[in-house]
Amino acid sequence: MKIKRKLQISENEFYDYLEGELIRECQLTKTKIEKGLNYKKTDPKIQLEISVFVINYIRGTLYEVKISSSYETYFLKYTTQENENGLEIQFEQHIESFEMKKQNRLMRLFSEGVYLGRMSDTLFDIQKKSMRRGGLICPDEST
């Protein structure tokens with residue numbers, strides 16, 4: 001699934017946010033995010049080990065990751081371009097278990113609507129959090 005949105009934040013604010021969240025969430029000592037970065041974390045609420053692999057990363061242009069656990073594997077990809085109207089973001093999400101052929105048409109349309117809504121909410125949450133922080137990311141801040 002793919003959506004495009006224009007956000008009223010800068011390219012630096014967006015990538016600072018992504019990098020800060022990655023560093024904070026995974027308790028990385030490494031502060032440079034790059035292609036090939038691979039790490040594991042455990043979700044403390046459900047004691048599930050999650051593996052994150054950075055497929056591709058070009059700051060200011062592209063952020064692509066694979067997130068997998070014993071329960072699910074999904075891919076996230078953000079492609080960005082800054083222009084005079086703000087930051088244009090193309091957000092793609094592929095969830096391996098969401099196979100079109102396994103669902104009837106009505107259920108597929110409902111599920112797509114839910115996923116697309118969540119994707120849009122994710123982007124606007126990033127904008128809101130970036131604006132609240134003034135573009136500065138504090139890796140130890142939990143908001």
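Helices and strands are taken here as DSSP runs, of at least four residues for a helix and at least two for a strand, and are numbered from the N terminus. On this basis the predicted model contains a protein chain with two helices and six strands, and from the N terminus on these elements follow one another in the order β-α-β-β-β-β-β-α. Of the 143 residues of the protein chain, 38% count as buried, while the area that the chain exposes comes to about 8,900 Å², with carbon and sulfur atoms supplying 49% of it. Among the contacts in the protein chain with a separation of 6 or more, residues 24 or more positions apart account for 46%.

An example of two parts of the sequence brought together is given by Lys-4, which is found in strand β1, residues 2–7. When its neighbours within four places in sequence are left aside, Lys-4 is in contact with Glu-88, Ile-89 and Gln-90. The C-alpha atoms of Lys-4 and Glu-92 are separated by 8.8 Å, although these two residues lie 88 residues apart along the chain.

Aromatic side chains were examined next. The structure holds six aromatic pairs, and one of them is formed by Phe-14 and Tyr-15, whose rings are arranged edge-to-face with 5.2 Å from centre to centre and 90° between the planes. Both Phe-14 and Tyr-15 are buried. These two residues also belong to a cluster in which ring pairs link Phe-14, Tyr-15, Tyr-57, Tyr-63, Tyr-78 and Phe-91.

Side chains of opposite charge can pair when their charged atoms come close. The structure holds two salt bridges, and in one of these Arg-59 is joined to Asp-16, the closest N and O atoms being 2.6 Å apart. This pair links distant parts of the chain, since Asp-16 is in helix α1 (residues 11–26) and Arg-59 is in the loop between β3 (48–58) and β4, with their positions 43 residues apart. Asp-16, at 25% relative accessibility, counts as partly exposed, and Arg-59 counts as partly exposed as well, at 34%. In the other salt bridge, the side chains of Glu-19 and Arg-59 meet at 2.9 Å, N to O. Because Glu-19 lies in helix α1 and Arg-59 in the loop between β3 and β4, this pair ties together parts that are 40 residues apart in sequence. Glu-19 has a relative accessible area of 16% and is therefore buried, the cut-off being under 20%. Taken together, Asp-16, Glu-19 and Arg-59 are linked in a network of salt bridges.

A further acidic residue, Glu-64, is found in strand β4, which spans residues 62–68. Glu-64 is buried yet has no salt bridge, and the nearest side chain of opposite charge, that of Lys-77, is 4.7 Å away. The absence of a salt bridge to Lys-77 follows from this distance, because a side-chain nitrogen and a carboxyl oxygen must lie within 4 Å to be counted. Apart from its neighbours within four places in sequence, Glu-64 is in contact with Phe-53, Val-54, Ile-55, Asn-56, Leu-76 and Lys-77.

Terms used:
Residues numbered from 1 in each chain as written. Predicted model: local features only at pLDDT ≥ 70, side-chain atom pairs only at ≥ 80, totals over all residues. Heavy atoms only, no water. Phe/Tyr/Trp six-rings, centres within 6.5 Å; stacked < 30°, edge-to-face > 60°. Buried < 20%, exposed > 50% of the residue type's maximum accessible area, 1.4 Å probe, protein only. Contact = heavy atoms within 4.5 Å. Areas by Shrake-Rupley, 256 points an atom, 1.4 Å probe, with all protein chains shown as cover. Lys, Arg positive; Asp, Glu negative; His and termini not counted.
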